[in-house]
Amino acid sequence: MKKAWLFFAMTLVLLFNNFAFSNELKVLRWAADAESNAPYIFQDPKIPSNIIGFEVDIVNAIAQYLGVETQFVQNQWDGLIPGLYRGDYDIAINGLEITEDRKKEVNFTKPYYVTHEQLVVLKGVNYINSLADLVGRKVGALKNSLAERILRAKGGINVLTYEGEVNAFVDMKNGRIEAVLVDAPIAIYYTAVNPEFVMVGQPIGEISYGIALRKGDTLLLKKLNLALDHLQKSGKLREILEEWNLWNFMMETYLNDFSQSNVPPKKYQYFVESVSKKSEFSERITLYIKFLPVFLKAALITLGLSILAMMLAIVAGLIIALTRIYGGKILSKLAVVYIEIIRGTPLLIQLYLIFYALPSIGVKLSPFLAAILGLGLNYAAYEAEVYRSGFFAIPRGQMEAAISLGMTKAQAVWYIILPQAVRIVIPPVTNDFISLLKDSSLVSVITMIELTKVYNQIASTYYDYLGTGIITAILYLLLGLPFIRIARYFERRLTIEKKETQKIEGKIV
Amino acid sequence: MEILKVEGLYKRFETFEVLKNISFSVKKGELISIIGRSGCGKTTLLRCINCLESFDKGYLRVSDIEIDKRNGIVNRNNGEKELVIRAQKIRQKVGMLFQNLNLFPHLTVLENISLAPIVVKKEPKEKAIENAMYLLEKVGLKGYENRYPYQLSGGQSQRVAIARSLAMNPEIMLYDEPTSALDPELVGEVLNVMIDLHKEGMTQIIVTHAMSFAKSCSDLIIYMENGEIIEIGSPEKIFGNPSDPRTVEYVRLFKE
């Protein structure tokens, strides 16, 4: 009974805190995935460290109306809603379609943009003009999108789904699919800078984007809707959309505003001018050189993250290995269970659990800490096994000799067994570090911005997966190279010593 | 004065009885040779004295520390924990030279010798090193202190191993076939060290196949067969006039 009261009181405090927080909202923390491409939210092609997009403009306009500062939080698109409940930010705005399913999890503001699905085909394809023409053909769409649902509902269409639209377009170019159905803004921007693709046919379906926020934040919801009302009535929303070349007939109907357009689409033009016409080799190189600082910074984050995670893995792995070998029955069983669970489950799931599930029991870690912990504890299990094999490679006589000199078991392990085992395991541990370096790309799912994430962001802004991909691969290679060298060096030294020892042992035995 | 006493000691591996009713005692300063065929239990007996193996029944006393299992597994104040402590205390008083030496390959000769005094006895580093240098000189290896084990010959390794044991100031030294792995021309340099130690009054027990050494240097010889002590006696008695027919048969092998 006492516990129940305590729980009730705590809930009250939490509610009150939340309420108080919303009341004196100073900073609007908003999340999106900066690799969601133009025109939503993307990196400024000329200044890659700047995040721009029509949704950025909308958030800024809302914040200006509410008189608050904004704070952008980078978050993987798939994780936008879980991140809301982690409390990392207060709103998510990123082409989130208002659907019944999503409404069960979050509240949506009124739509800030209404649009449709658009067919895109390769230039010169004249036999596709409507949904009906797609029957019997292979067509691409984004996973879980309205486009996918429309295509499936039509029936008879072979639907292929993709994580990103660029993959779908590349597949079309390579002849694997014949058409792509995507949200109109994507189609407008992609075809503008890739003239080998064209938009065909009539608008299909209707899609509304809304801002998502936590179920409990009703006051904030009210404020956001008020702000959107204001943007609509004052013409600010229309101005933003026109600047981005996104004003359409559906918005005319939605806002009941059929007047002539008078704002030039300057932001659209800026994007098209900076991204297209870069096919010349020298221009591409200058572009890549411009990216380099961003890439290098991300590479440093990847390296730092990996080194810290490996240090954790080395120490924790040693403790686990010692527990397993010398820990007695129960403790050693526990160590085995830990190793088996960690090695038997995907690192990705472990990262998700640490980042999204731990907060529900009160442990909320920053992305950086969660990444180190996730990678470190995962690799600890592998290192423990490496150490164990290292320990077993030391002849039993070493322990006996140490003990017969009067050392305790612990002293023998510390002074005699461990130093020898460490030398044996340096090469495999270094190799593991190199694979950790590569596995660290997984932590982008918990909102860490590291090398792979930056690659995705830049590649999706320029629709250039090849060039930036090669740069990224080279950077990973360069990061790993010194460690490959270290491993080689110790391997060589160890074999030399082994040979010498065998020579001597051969002499006496 | 008896420095080592073994009484009614039994040891079995699974169902195989390795040691049966072993009883003998050693006086301070004596050099004892244990001889017998391979597999007769000589090495296991040494390992029991050094508490590297536990025994199932019997009594063991080294200097003033005793382990008493005469009435079964645990006796008097010999609880499990107490046993571990006593075993460690005994090991500090007993130095052991293994057949394959087990020098620590990651440490220099000097570190091999000085590590245990520093770690176990908490000797100051300078003192431990000084003592190690003295011992190295004693076993004839002055100038080798900075070498690693893999840079030593078999005989040199053997002498480093002896010095490493002596550094702990043991009251008894045990040797498990110390010369069997050596080239014949190196045997002498190791045996000389043991003879020197004998002169200084060190108590030593040697498991050996080197009959001429056992014959000429031992105070007592123990002959073992199938886990039992068959006969204990002076070299003259064992090699000249053994009383048990089994001993007679064994020593005859070395007469031709």
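Two strands pair if DSSP finds at least two bridges between them. The exercises below use a predicted model.

**Exercise 1.** Which residue of β4(B) stands opposite B:Val6?

*Solution.* Start with the two strands. β1 covers residues 2–13 of chain B, and β4 covers residues 57–62 of chain B. They pair in the antiparallel sense, over five bridges. Now look across from B:Val6: B:Leu60 is the residue opposite.

**Exercise 2.** Give the strand order of the open sheet in chain B, then find its edge strands.

*Solution.* Take the order. The four strands run β2-β1-β4-β5, with antiparallel pairing. Next, look for strands that pair on one side only. These are β2 (16–27) and β5 (65–69) of chain B. Finally, check the turn between neighbouring strands: the average is 10°, direction ignored.

**Exercise 3.** Place helices α1 and α2 of chain B against the sheet strands.

*Solution.* Begin with α1, residues 42–49. This helix lies across β1, β2 and β4 of chain B. Its angle to β2(B) is about 60°. Then take α2, residues 80–93. Helix α2 packs on the sheet and touches β4 and β5 of chain B. The directions of α2 and β5(B) make about 135°.

**Exercise 4.** Describe the side of chain B that touches chain A.

*Solution.* Count residues: chain B gives 23 and chain A gives 23. Assign elements: α2, α3 (109–119) and α5 (154–166) of chain B each give two or more residues to this side. Sort by type: 13 residues of the chain B side are nonpolar, nine are polar and one is charged.

How values were computed: Residues numbered from 1 in each chain as written. Chains lettered and ligands numbered in written order. Predicted model: local features only at pLDDT ≥ 70, side-chain atom pairs only at ≥ 80, totals over all residues. Axes fitted to C-alpha atoms, helices over the stretch in contact; angles between N-to-C directions. Contact = placed C-beta atoms within 7 Å. Nonpolar A, V, L, I, M, F, W, Y, C, P; charged D, E, K, R; others polar.
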